[in-house]
Amino acid sequence: MCCAACVFIGPTHIILALFRVLLLHDFGNSSSWQQILSPRLDENKIKADCEQLYVVLKNCDAPDQGARDGESIKTLYRLVFLLSYRHGSKLMAITTTTASYLCHHPMLPVILVEILRDSKNIKVCAYVLDILSKLVLKNAIVGETERKAIRRVFHEPHHFRTLLQALRNMDTRYQVLVDVTDSTDEETTQAHDMQVRFLKIINCLYSRKGQSQISLITEFNVEFIGRHFVKHAMSNMEISRCMLPLIKTFCRNKKNCELICDQAFVLAFVTLVPAVKRYPAGISILRFLSRSPEAMAELCQSEAVHHFVVQTAIHHAEKSTHRKYLMSTMYRLAKSSYGMQLLKNTSLWLSLLEFFMKSDRLEELRQRMSFTRAYTILHRGVTNKFVMATPLLIDFDLPGDIQAYICDRANHHSSDDSDNDEEEEEDELRNARSRTVSAENEDDDNDDSDNDNDEEGEEDERMETKEEDDKDNEMQTENHHDVNDEKNFQQFFAEFNDFHENNQQGCELFKSKIHRHALIDRLALPDLLPHLENDNDGYLTADINHYSTDQLYSKIVSMKNNLATFQPVVIYDLDELITQNQHQDVNIPNIEDIHMNYLNAECDMMSTEVLHFESRFECGNLRKVEQIGEYEYNLFISPDANMACGLQWFYFQVSGMRALATYAFNIVNLQKCNSQFSYGLQPVMFSVLSYALNSRGWRKCGSELMYYGNEYICSESNKQYRTLRFCITFEYNGDVCYFAYHYPYTYTRLMHVALASFTLPNDNVYVRVEELTKSVGGFNTVPLITITARNTEKTQFEERKLVFLTSRVHPGESNASWIIEGAMRFLLTDEETAQCARENYIFKIIPILNPEGVIYGNTRCGLTGNDLNRCWKKPHPRLHPEIYNAKRLVQYAKEYLQNEIFAFVDIHGHSRKKYFFLYGCNARQSWDESDAILSDTLDAFNALPKAMSAVNPNMKLSYCRNTVERKRETTCRVVMWREFAIHRSHTLECSFCSGENKKKITTGMLREIGEGLIRALANLTTSSE
Ligand SMILES: [Zn+2]
């Protein structure tokens, strides 16, 4: 017969195809098998054949031995034998041998699956399932090595799809079977058992994590899984139970979560999991689901989910990982307004409290994190207070068109424009990373437990680029070079024309008035006194985050029950002061008086029942203070001027304290979900008496630090505000103390102190200070500093490369100013390296790109409410003159000078990482393929990070990134690189928290980073020459 002929001549794939055909069509008809086996159709003879084959199989050596065709024939015989000889004592033994043989033919398991998919014969399916489970599931027949080989075969998404198709087809077929009235119970049971077995096989193949192919599965299949689960959850729980691991696997992908999670699914899920007691799988699935906003929406609709979570947490979360997962799920659920409503239910709230208290004690190690989360969740269930983030309108002496622009923006942009959900982002990144790792234990939810290892992008360039409104576009003009401006920019390169003139006196020019709003027309004391360097502020310790959880729990319980014993009193209200026109009446004492009072022992009289607060000075931004306990205060800070966002930077003055009493300060309207304040970061404090008596300047301070979501909800965005809580024990009565997010660095300090203090170490140094432009509205000067060496025999200006340094585009990142000051100071020293840097480069430095932002104590924006680091692509000459002119400066250099632009470094502060590091641009890591033309074979983007790590131990090379992401298109780094082909275009990011060996960041360390930047640049010239 023809088939048999094929068998004997054909190559392996024909044989396999034949095998499939035989199975599909002729299984029930044993005669064709018998024909192959024995032409004489003699039953006894067949048995004899089988016996003989068994012997052959048993003695069969490694399968790849022997000629190919001979081997194929053997294969066929063995399979045929296996499949036809169903009832025999030797079945098991034969199956064993055959199965191990099959393992070495990777396509055979796949063919089995195809048979499952296509065959309409339930008996065939049952038999194939039997073989497949022997191949895949753990048993004595196939060894682990073989099983691994088979699983590898199935790693192709294509095969997974086939498996799912088979499952789908089986389901349909059995449905028909079950529906037929005369089908027996036995048949129904058999059909269900087969599905269960099949699901077990699938689970075994796909339950491993890190299967990136899961994301490639068609929507149709995902939806089928969801429906299948729901269908059987009510009728046959065993099937649905077996589907849990499969669903867990699917849900690692956010998109799948959205496809699976609907109301029916949620209901089936919360019913099934407790019924079959599969809590661990349930917890994991729920956690995955809660990562998808769409799935979250479904979950939040169901009260049952919340009860399920709470009940599971209380009674079934034995493992600490489960508690951790439940905690993150709860945390996300509680963020929704529906979740908030449910938490108002007192018994639910109390059960949660009980669970948190229990698990806090169980998990000493993770206590800090779980506690701050618990506290955040519980706050949702107390009486929430809705507050508006009211913009503080500043400087309406602005020209009409700019005022109109600001008003329009304030009306149309919601308050939380800048607050995208960091945690979701982190989850997503971890997902992406974990997909590439296949270790089972990698499944670890540390979305905010260890910031050192997260793979965040530049958090300061984190805001999504938003398409500007049409109105904005009207204000935008084309940024093309205007020939008439050419001469204007030439003046900033005067060193090329009049190198004998040294314009250093220029900095004296800036001692004239600095334009501030009447509200803040003065300086705080620390900014009037000479800065005392703090070179050593110690190391991070766990102590500062240590607090009494019992105390805090009892506090929140009394909050829940409205049992507050102290009636809050507003003791400082800027808006009130403005309306009463008392804003000129500012209480900033002078240091001599404070000192005198101390020496005359009159300090004790200065202590009062209530602290006095003040912040109407440069960089200050306190809006309102409430006393909420004898020694406890709630502080509200102002959002960025003319905006309702920002809310990170703070700077205020306190007086009237009692020595040795411990005060608690809660800054209650912070916006970021997470902060280094939970991991060792402390605010900075300046004590006037400590300065006068012990020569101590700014230092890190505060104990019992906590950062958590509080009872205040932003009424526009419905998002929970965060509290930074810290405790202080003051040293002296009658002191005046200042607190800030980080070491303040005012615009005045730059203009009056830093620039004026420049001294030239020798005659060879060339320095020029000039006004690059007026800031927005024409208010203040944006200074440009040129530093290089005078023309020498050795090098001429024309041969030197240009280096641009900028900072404080984000005003809340005061560390950037200390760094750039460090760089400038080092450049003006006698040191050989500084000399080398001057002789090889012309430095163009813009130390404060956003003067008004700095003056008004903003966190991110300028007066017009724009994040200026999002304006580099198309800066507007009137709305963003600082950026517009900085960009034109570079453009001029690029187009009209022969000098190479060696580097552009824009300096920033990073609130969620430690150390300092650089971001650069690598064309090969760009989202935009057309960037390929910028490709640079020398990988110049690596040079500066490496050089910096060689000179400063606080540099963290592993944090450096060179990706060019779409959402960073309009940042300085990307624009400079793409438009002017500056290969070393970097963002330097520096932590507010700590550097190497957990050493707390000090101003001395920050200056050393600036110095290191110059040293690194100098080293790059010598190494390349
Ligand atoms: Zn920044």
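Me: Which residues form a nonpolar patch on the surface, with about 290 Å² of accessible area together?

Reply: This is a predicted model, in which local features need pLDDT of at least 70, side-chain atom pairs count only at pLDDT 80 or more, and totals for chains, interfaces and linings use all residues. Residues are numbered from 1 along each chain as its sequence is written, and side-chain values use heavy atoms, without hydrogens or water. A patch takes residues with over 30% relative accessible area (Shrake-Rupley method, 1.4 Å probe, only the protein chains shown as cover) and no salt bridge (Lys or Arg side-chain nitrogen within 4 Å of an Asp or Glu carboxyl oxygen), joining like charges within 9 Å and nonpolar side chains (Val, Leu, Ile, Met, Phe, Trp, Tyr) within 5 Å. The nonpolar patch is formed by Met-596, Tyr-598 and Leu-599.

Me: Is Leu-599 buried or exposed?

Reply: Leu-599 belongs to helix α31, residues 591–599; helices (H or I, at least four residues) and strands (E, at least two) are DSSP runs, numbered from the N terminus. Buried means under 20% relative accessible area, exposed over 50%, and partly exposed in between (1.4 Å probe, protein chains only). Because its relative accessibility is 52%, Leu-599 counts as exposed.

Me: Which residues are the protein donors of the zinc ion?

Reply: Donors are N, O and S atoms within 2.8 Å of the metal (3.2 Å for Na, K and Ca), and water is not among the atoms, so sites may look incomplete. Here the donor atoms lie 2.0 to 2.3 Å from the zinc ion, with ND1 serving in each histidine and OE in the glutamate. The donor residues are His-810, Glu-813 and His-908.

Me: How many residues apart are His-810 and His-908?

Reply: The donor residues of the zinc ion follow the spacing H-x2-E-x94-H. His-810 sits in the loop between β15 (801–807) and α34 (815–827), whereas His-908 is in strand β17 (residues 901–910). His-810 is buried at 0% relative accessible area, and His-908 also counts as buried at 0%. This pair links distant parts of the chain, and the separation is 98 residues.

Me: Which strands stand at the edges of the open sheet of five strands?

Reply: The strand order is β3-β6-β12-β8-β9, with antiparallel pairing; two strands pair if DSSP finds at least two bridges between them. Two bridges join β8 (residues 684–687) to β9, and Val-684 stands opposite Lys-700 in β9. Each edge strand has a single partner, so one side of it is left without a neighbour in the sheet; these strands are β3 (612–614) and β9 (699–700).

Me: What distance separates the C-alpha atoms of Leu-681 and Ser-991?

Reply: Leu-681 lies in the loop between β7 (662–670) and β8, and counts as buried because its relative accessibility is 0%. Ser-991 is 310 residues from Leu-681 along the chain, yet their C-alpha atoms are separated by 9.5 Å.
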